[in-house]
Amino acid sequence: MIQILLFANLKDQAGAEKVVVDAKELTVKELLQILQEKHSLTNLEQVMVAVNEEYSTSEDLVKSGDTVALIPPVSGG
């Protein structure tokens, strides 16, 4: 299982701070597609993705036991 931590508006969209995806291995891109379909998350093409506290690209692999953080862009003043 892959644990996904959600922040800001993504947490609001999913109605939870964490979600779990039952998979052995996926690319970051595949994981984002699953989250978009299963949890109706939007604008995932704009989020920063960190796997086990290291920023990742869309082609990096995510494996069972990993923790993924989805960090949306933040604006402020």
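Me: In this predicted model, which residues gather in a patch of negative charge on the surface?
Reply: Asp and Glu count as negative. Residues of these two kinds make up the patch on the surface. Its members are Glu25, Glu30, Glu59 and Asp60.

Me: Is Glu30 buried, partly exposed or exposed?
Reply: Glu30 is found in helix α2, which covers residues 28–39. Its relative accessibility is 37%. Partly exposed lies between the 20% and 50% cut-offs. Glu30 therefore counts as partly exposed.

Me: In what order do the five strands of the open sheet stand?
Reply: The sheet is open and its pairing is mixed. Five strands form it. The order is β2-β1-β7-β4-β5.

Me: Which strands stand at the edges of that sheet?
Reply: An edge strand here has a single partner strand, so one side is left without a neighbour in the sheet. That holds for residues 18–21 and for residues 54–55. These strands are β2 and β5.

Me: Do β1 and β7 pair in the parallel or the antiparallel sense?
Reply: Strand β1 spans residues 2–6, and strand β7 spans residues 67–71. Four bridges link the two. Gln3 has Thr67 as its bridge partner, and Leu6 stands opposite Leu70. The sense of the pairing is parallel.

Me: In what sense do β1 and β2 pair, parallel or antiparallel?
Reply: Four bridges join β1 and β2. One residue pair to look for is Ile2 with its bridge partner Val21 in β2. The sense is antiparallel.

Me: Which residue in β7 does Val51 stand opposite?
Reply: Strand β4 covers residues 48–51. It pairs with β7 in the antiparallel sense, over four bridges. Opposite Val51 stands Val68.

Me: Which residues form the covered face of β1?
Reply: In a regular strand the side chains alternate between the two faces of the sheet. In β1, Gln3 and Leu5 make up the uncovered face. The covered face holds Ile2, Ile4 and Leu6.

Me: How far apart are the C-alpha atoms of Asn9 and Leu41?
Reply: Asn9 is found in helix α1, residues 8–14. Its relative accessible area is 35%, so Asn9 is partly exposed. Asn9 and Leu41 are 32 residues apart along the chain. Their C-alpha atoms are separated by 9.2 Å.

Me: What is the phi of Ser40?
Reply: Most residues other than glycine have a negative phi. Ser40 is a residue other than glycine, yet its phi is positive. Ser40 lies in the loop between α2 and β4. Its phi is near 55°.

Me: Is Ser40 buried or exposed?
Reply: The relative accessibility of Ser40 is 53%. Exposed means over 50%. Ser40 therefore counts as exposed.

Me: What is the phi of Asn52?
Reply: Asn52 lies in the loop between β4 and β5. At 40% relative accessibility, this residue is partly exposed. Its phi is positive, and Asn52 is a residue other than glycine. The value is near 50°.

Notes
Residues numbered from 1 in each chain as written. Predicted model: local features only at pLDDT ≥ 70, side-chain atom pairs only at ≥ 80, totals over all residues. Heavy atoms only, no water. Patch = residues over 30% accessible without salt bridge, like charges linked within 9 Å, V, L, I, M, F, W, Y side chains within 5 Å. Areas by Shrake-Rupley, 256 points an atom, 1.4 Å probe, with all protein chains shown as cover. Salt bridge = Lys/Arg side-chain N within 4 Å of Asp/Glu carboxyl O. Charge placed at Lys NZ, Arg CZ, Asp CG, Glu CD. Buried < 20%, exposed > 50% of the residue type's maximum accessible area, 1.4 Å probe, protein only. Pairing = 2+ DSSP bridges.
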